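Me: I am new to this structure and would like the terms explained as they come up. Please set each value against its definition.

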Amino acid sequence: MKVVKTSIILLCALIGYCACNPITYEVFSSITGTVVDDTTMEPIEGVEVSLSPNHGNSKETKSDGCFEFTNLEAGQYTIVVQKPGYHSNKKSINAIAGDTVETIITMSRPQ
């Protein structure tokens, strides 16, 4: 009988502990990408990268052509890339909660 009481007390304590530690889910997403020249596939530095719906200022690609937007709500976004000497381009991205979406966006030079 004493073993049963002790087991019940321990079980109640375990249930109480679990109830105090709720399960959390990641609700934010990130979008990372690289902008490359469509002919050479080389990364393009200094490209203005805008995200719509607007989530702050636009970003500029680094020397490796990379950009990153973090702490985004899940949903549909459009990325627009622009740089003098290139045609602008855009791409739609579906950001999923808890995931990082990676993309490559090409830009072409005028003929």
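Reply: What follows is a set of questions and answers on strands, sheets, burial, a core and a salt bridge. This is a predicted model, in which local features need pLDDT of at least 70 and side-chain atom pairs count only at pLDDT 80 or more, while totals for chains, interfaces and linings use all residues. Residues are numbered from 1 along each chain as its sequence is written, and side-chain values use heavy atoms, with hydrogens and water left out.

Me: Why is the contact of Asp37 and Arg109 called a salt bridge?

Reply: A salt bridge is a side-chain nitrogen of Lys or Arg within 4 Å of a carboxyl oxygen of Asp or Glu. The N to O distance for Asp37 and Arg109 is 3.8 Å, so the pair meets the definition. By this rule the count comes to one salt bridge.

Me: What does the pair of Asp37 and Arg109 tie together?

Reply: Asp37 lies in strand 1 (residues 28-37) and Arg109 in the segment after strand 7 (100-107), so the salt bridge links parts that are 72 residues apart in sequence. Strands here are DSSP runs (E, at least two residues), numbered from the N terminus.

Me: Is Asp37 buried or exposed?

Reply: Buried means under 20% relative accessible area, exposed means over 50%, and partly exposed is in between (1.4 Å probe, protein chains only). Asp37 has 7% and therefore counts as buried. Its salt-bridge partner Arg109 has 48%, so Arg109 counts as partly exposed.

Me: Which residues is Asp37 in contact with, leaving aside its neighbours within four places in sequence?

Reply: Contact means heavy atoms within 4.5 Å. With those neighbours left aside, Asp37 is in contact with Glu42, Ile44, Tyr86, Met107 and Arg109.

Me: What about Ser30, buried or exposed?

Reply: Ser30 has 15% relative accessibility and so counts as buried. Its place is in strand 1. Leaving aside neighbours within four places in sequence, Ser30 is in contact with Phe69, Thr70, Asn71, Asp99, Thr100 and Val101.

Me: How do you know that strand 1 and strand 4 pair?

Reply: Two strands pair if DSSP finds at least two bridges between them. Six bridges join strand 1 to strand 4, and the two run antiparallel. Thr32, for instance, has Glu68 in strand 4 as its bridge partner.

Me: What is the order of the three strands in the open sheet with mixed pairing?

Reply: The order is 4-1-7. Strand 4 (66-73) and strand 7 stand at the edges with a single partner strand each, so one side of each has no neighbour in the sheet. Neighbouring strands of this sheet are turned by 20° against each other on average, direction ignored, with axes being lines fitted to C-alpha atoms and angles running from 0 to 180 degrees between N-to-C directions.

Me: Which strands make up the open sheet with antiparallel pairing?

Reply: Four strands form that sheet, in the order 3-2-5-6. Strand 3 and strand 6 (89-95) are the edge strands, each pairing on one side only. Strand 2 (residues 48-52) joins strand 3 (residues 59-60) over two bridges, and Glu48 stands opposite Glu60 there. Five bridges join strand 2 to strand 5 (residues 75-82); among them, Ser52 is partnered with Thr78 and Val49 with Val81. Strand 5 and strand 6 pair over seven bridges.

Me: What pattern do the side chains follow along strand 2?

Reply: They alternate: Val49 and Leu51 point to one face and are buried, whereas Glu48, Ser50 and Ser52 point to the other and are not. In a regular strand the side chains alternate between the two faces of the sheet.

Me: What makes a set of residues a nonpolar core?

Reply: The members must be buried Ala, Val, Leu, Ile, Met, Phe, Trp, Tyr or Cys residues joined through side-chain atoms within 4.5 Å. The largest such core here has 18 residues, and those with the most contacts inside it are Ile31, Val35, Val49, Phe67, Ile79 and Val81. Strand 1, strand 2, strand 4, strand 5, strand 6 and strand 7 each supply at least two residues of this core. Beyond its neighbours within four places in sequence, Phe67 has contacts including Ile31, Val35, Val49, Ile79 and Ile105.
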